[in-house]
Amino acid sequence: MQQPTEKKCRPAALLPILVFLVLYLGFGILFEYGLKVEMGFYKVQAIVIFLIALLVAVVQNRELSFDQKVRVMAKGMADENVLTMCLIFLAAGAFSGAVSAAGGADSTVNLFLSFLPGKFAVGGLFLIACFISLAMGSSTSTIAALAPFAVGIGEATGFSMALCLGAAVSGAMFGDNLSMISDTTIAAVRTQGCAMKDKFKMNFWIVLPAAVLTVILLVLVTPSGDSAVEAGGYSVVKVLPYLVVLVGALIGFNVFAVLIAGTVLSLAVGIATGAFPWTEMFTVMYDGIYGMYDITVISLIVACIGALVNEGGGIEAIIRFIRSRVRTKKGAQLGISALVAGVDVATANNTIAIVLTGPIAKDIGREFGLDPRRTASLLDIFASVVQGLLPYGAQILYAVGGAAAAGYAVSSLQILPYLFYPVLMGMCALVFILFIPQRDRREPPVEQTEPSK
């Protein structure tokens, strides 16, 4: 009888990720700070560095032929999440191009600023993103909807574009981690065997201080000066496309339906108000879609790298490394957190990271008597912490793409310093692990949240 094949465990399979980080960060720092090149970080084109990392991944693992590696990469690109993300990129690009050409971005920003003082504009943007992402359950969809709005705020106020985009990404990660319809929440509670509402309650009190501190920090770092933030004129009709997208997102409509409806309405408004002739409607959509090309290709390349890393045993190496060093109850929680964070770095997908590490986390939790609500919260939090900070993660790429669609060159690394919420969320979770002991009472797993057979 043939024995089951043991999973490969090869730390060397993580080399492509290391190559990308070293080259991307290394040349970015060299150009920006060493050689003083203007927009130095943006000179390091991510797609080129990713292709180099992909080449390293293809050269590795000689057990597979090139044709077999191509099949592995094809499966990675054909993943439902990857394809959905690419299609959302294109739909968001069409909406961004249409609404910008119709003048919707300027009108929406001016309307927003006319009611909210400029000093609090970025903090308000964060809260809006928190609310929308909590209702939608998707950080990427939230960023797709809000990125043009964030860019518009930057244009109207003169604030750093990276600051405005960072606020939108931060708020998007709030709902990605907490929402009951978020795929990360569903994956976390199903793998750990607890109820969503119980996980939400525990998770909420862990991250609430991070959200409050983020608002305070955003207000503090937002420049003062009335001249820079004076609101201009606006047309309520031109604001309608954004309202349709935001309200549709809050209600929970499919993101594609919401973006398509927003695009059609933007075209109608633009033509009706004379912003552009009807013969230009395809051109304005194309302009937005064109700005998403690089991000779409990057997403596919990242999927290829992740598939090869997983096939080569890189993910299994991370899992075994963490598990072998767990000794105490606090250590178990730190190990679970590091485990899901490490896998997320390798896969650039927080849902996949939770699905891959969830069963291991559950075993560790049982061995050390951890509350399933606690392990589910930690899985979701630390996957979201890392995902919100990855320069090559979908969330930051969406933000960069939103800026590119509007004609602004903003690199991933320029946004990183303003991602206050993911960092504070991780810090609050560490305080929770180290200083807030769990109660002795443990509730049994909830059957309906167990994975289906």
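**Cavities and nonpolar cores in the predicted model**

Helix H8 supplies 4 residues to the lining of the second largest cavity, the largest share from any element. This is a predicted model, and the space inside this cavity comes to about 30 Å³. Its walls are formed by Ala-92, Ser-96, Ile-143, Ala-144, Ala-147, Pro-148, Met-292, Tyr-398 and Gly-402. Helix H5 (80-101), helix H8 (139-157) and helix H20 (394-405) are the elements that each give two or more residues to this lining. By class, the lining holds 7 nonpolar and 2 polar residues, with no charged ones.

In total, the model has 2 cavities of 30 Å³ or more. The largest of them encloses about 80 Å³. Around the largest cavity sit Pro-16, Ile-17, Phe-20, Phe-50, Ala-53, Val-302, Ile-305, Gly-306, Ala-346, Ala-348 and Tyr-392. Two or more of these lining residues come from each of helix H1 (15-34), helix H3 (46-59) and helix H15 (293-312). The lining of the largest cavity has 10 nonpolar residues and 1 polar residue, and again no charged residue appears.

Attention now turns to the nonpolar cores. In soluble globular proteins, nonpolar side chains tend to be buried together. The largest nonpolar core of this model counts 122 residues, and the members that touch the most others are Phe-50, Leu-54, Leu-165, Val-207, Ile-381, Ile-415 and Tyr-421. Helix H9 (residues 161-178) gives the largest share of this core, with 12 residues. Phe-50, one of those well-connected core members, is also part of the lining of the largest cavity.

Ile-415 offers a closer look at the core. Leaving out residues up to four places away in sequence, Ile-415 touches Ala-162, Leu-165, Gly-166, Ile-396, Ala-399, Val-400 and Val-410. One of these partners, Leu-165, is itself listed among the core members that touch the most others. Apart from the largest core there is a second, separate core of 7 residues, which includes Ala-94, Phe-276, Val-284 and Met-285.

A final site of interest is Gln-387, which lies in helix H19 (residues 372-387). Gln-387 counts as buried because its relative accessibility is 2%, and buried means under 20%. Beyond its neighbours within four places in sequence, Gln-387 is in contact with Met-173, Asp-344, Ala-348, Asn-349, Asn-350, Gly-393, Ala-394 and Gln-395. Among these contacts, Ala-348 also belongs to the lining of the largest cavity.

Terms used. Residues are numbered from 1 along each chain as its sequence is written. This is a predicted model: local features need pLDDT of at least 70, side-chain atom pairs count only at pLDDT 80 or more; totals for chains, interfaces and linings use all residues. Side-chain values use heavy atoms; hydrogens and water are left out. On a 1 Å grid over the protein atoms alone, a cavity is a set of points where a 1.4 Å probe fits but cannot get out, and a pocket is an open set with protein on both sides within 12 Å along at least five of seven lines; lining residues have an atom within 4 Å of a point. Grid points are joined across faces, edges and corners, and a volume is the space filled by probe spheres set on the points. Ala, Val, Leu, Ile, Met, Phe, Trp, Tyr, Cys and Pro count as nonpolar, Asp, Glu, Lys and Arg as charged, and the others, Gly among them, as polar. Buried means under 20% relative accessible area, exposed over 50%, partly exposed in between (1.4 Å probe, protein chains only). Contact means heavy atoms within 4.5 Å. A nonpolar core is a set of buried Ala, Val, Leu, Ile, Met, Phe, Trp, Tyr and Cys residues joined through side-chain atoms within 4.5 Å.
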